[in-house]
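Hi,

Here is the structure I promised to pass on. Have a look at it first, and my notes follow underneath.

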Number of protein chains: 2
Amino acid sequence: MARTQALLIQIATGDPRPISKQIVDGVRMKIATGELAVGAQLPSVRGLAQQLTINPNTVAKAYAELTGEGWLEARQGLGLYVATPRQRLSNAERDRRLDDAVQSFVHEVAALDYPPDRALTRLERALRVLAPKKTA
Amino acid sequence: MARTQALLIQIATGDPRPISKQIVDGVRMKIATGELAVGAQLPSVRGLAQQLTINPNTVAKAYAELTGEGWLEARQGLGLYVATPRQRLSNAERDRRLDDAVQSFVHEVAALDYPPDRALTRLERALRVLAPKKTA
DNA sequence: CCTTGTGTACTATGAGTATTAGTACAGTAC
DNA sequence: GTACTGTACTAATACTCATAGTACACAAGG
């Protein structure tokens, strides 16, 4: 009966990412993997802030970003819900941003002098969590 | 006879990365791909700064990082040279940092709602530039 | 109507980082 | 000496991130 489905994100103080980005990434991953179903309600801004002992503004900022990207939908006075999927970006923009991510990853592999084939294998394994859409 | 081999890096003002990191990434990639051979001399701190119209301190910071990571070697009063390869990090640390990079990439693929198999293909292609060590 | 809980929108402040600017010093080569 | 190298400081500016506090509009339940 828990409206907001028990709990959600974990924030790591050692994580170099900003807190708001950790929330954005965390929620987005839970949606992408199906852990958060379409229509599910999210913890309230103030509730999640209290739970993580961070500032409500930080949560609001993360939620605003997710809403802007189309992952969440706000119902005024009620709360935030996982939105129905839709095309969010142009194909050109998606390709450009993926290319940035690819470059960034290659840079890191080069920096670590890591064997490229092993890096690819590990990445392939990690990407599998994004697949289960087709199992439904 | 150009001691510092014509030229090097390009800085993009639109790039979200700090300038110093752009230099670090750029030089490291040129070493990893073999474009900069072991023993090659790099542009001087002041020279590269003038060429890129940035502050010498920024170049020095980037060079210091590359030296600390073992990519470059400084000879006082002479200049900076590409160092002979050596093991720089512990395997545990390398694995940990690669895992961070993998996670970051997966997050971005999820954020873009990009087909994972296509993302993997593009990455595989981009990683090939790191291979040519074995062709020598 | 009133109270509570929701998202949202501001301003202000402190901490940290990136960059620029300027100066200075030690080593090398001619 | 002069002119290059790398390196090491301090100071000031600009920007981001997070916190703090306040306020407003909407929804639900008395």
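**DNA strand D**

In A:N57, a polar side-chain atom sits 2.8 Å from a base nitrogen of DNA strand D. Before I go on: this is a predicted model, so please read everything below in that light.

A:T58 also reaches DNA strand D, with a polar side-chain atom 2.7 Å from a phosphate oxygen. The other chain joins in through B:R46, where a polar side-chain atom is 3.0 Å from a base oxygen of DNA strand D. The elements giving two or more residues to the surface near this strand are helix 1 and helix 3 (56-68) of chain A, plus helix 2 (45-52) and strand 2 (79-82) of chain B. Helix 3 of chain A has the largest share of that surface, with 3 residues.

In total, 22 residues surround DNA strand D, and the closest are A:P18, A:I19, A:N55, A:N57 and A:T58. Of the atoms of DNA strand D that come within 4 Å of the protein, 65% belong to sugar and phosphate. Sorted by class, the surface near DNA strand D holds 9 nonpolar, 10 polar and 3 charged residues.

**DNA strand C**

Now for the other strand. Around DNA strand C there are 21 residues, of which B:P18, B:I19, B:N55, B:N57 and B:T58 come nearest. Sugar and phosphate make up 61% of the atoms of DNA strand C within 4 Å of the protein.

Which atom of DNA strand C does A:R46 approach with a polar side-chain atom? That would be a base oxygen, at 3.1 Å. On the phosphate side, B:T58 puts a polar side-chain atom 2.7 Å from a phosphate oxygen of DNA strand C. B:K61 has a side-chain N or O atom 3.4 Å from a phosphate oxygen of that strand. The elements with two or more residues at the surface near DNA strand C are helix 2 (45-52) and strand 2 (79-82) from chain A, and helix 1 (19-32) and helix 3 (56-69) from chain B. Helix 3 of chain B supplies the largest share, 3 residues. The class count for the surface near DNA strand C is 8 nonpolar, 10 polar and 3 charged residues.

**Chain A against chain B**

The size of an interface is often quoted as the accessible area lost when the parts come together. For chain A and chain B, about 4000 Å² is buried between them, 68% of it on carbon and sulfur atoms. A:R94, A:L98 and A:L112 provide 16% of the area that chain A buries against chain B, more than any other three residues. Each chain brings 37 residues to the contact.

There is plenty of polar detail to go through as well. With both residues at pLDDT 80 or more, 14 residue pairs are in polar contact across the interface of chain A and chain B. Helix 1 (19-32), helix 4 (91-112) and helix 5 (116-127) of chain A each give at least two residues to the side of chain A that touches chain B. Helix 4 of chain A contributes the most there, with 15 residues. That side of chain A counts 22 nonpolar, 1 polar and 14 charged residues.

**Salt bridges, and A:R88 in particular**

Side chains of opposite charge can pair when their charged atoms come close. Over all chains, the search turns up 26 salt bridges, and the count between chain A and chain B is 8.

What does A:R88 pair with in a salt bridge? Its partner is B:D113, with the closest N and O atoms 3.5 Å apart. The pair crosses between chains, running from the loop between strand 2 and helix 4 of chain A to the loop between helix 4 (91-112) and helix 5 (116-127) of chain B. Within chain A, a polar side-chain atom of A:R88 is 3.4 Å from the backbone oxygen of A:G70. Leaving out residues up to four places away in sequence, A:R88 touches A:E69, A:G70, A:W71 and B:D113.

B:R88 and A:D113 form a salt bridge too, with their closest N and O atoms 3.5 Å apart.

**Domains of chain A**

One last item. The domain assignment splits chain A into domain 1 (19-82) and domain 2 (91-135). The C-alpha centres of these two domains of chain A are 25 Å apart.

Cheers

Note on methods:
Residues numbered from 1 in each chain as written. Chains lettered and ligands numbered in written order. Predicted model: local features only at pLDDT ≥ 70, side-chain atom pairs only at ≥ 80, totals over all residues. Heavy atoms only, no water. Near = heavy atom within 4 Å. Polar contact = N/O pair within 3.5 Å; in protein donor to acceptor, adjacent residues only side chain to side chain. Helix = DSSP H or I, 4+ residues; strand = E, 2+ residues; numbered from the N terminus. Nonpolar A, V, L, I, M, F, W, Y, C, P; charged D, E, K, R; others polar. Contact = heavy atoms within 4.5 Å. Buried area = accessible area lost by both parts, 1.4 Å probe. Salt bridge = Lys/Arg side-chain N within 4 Å of Asp/Glu carboxyl O. Domains from an automatic or database assignment.
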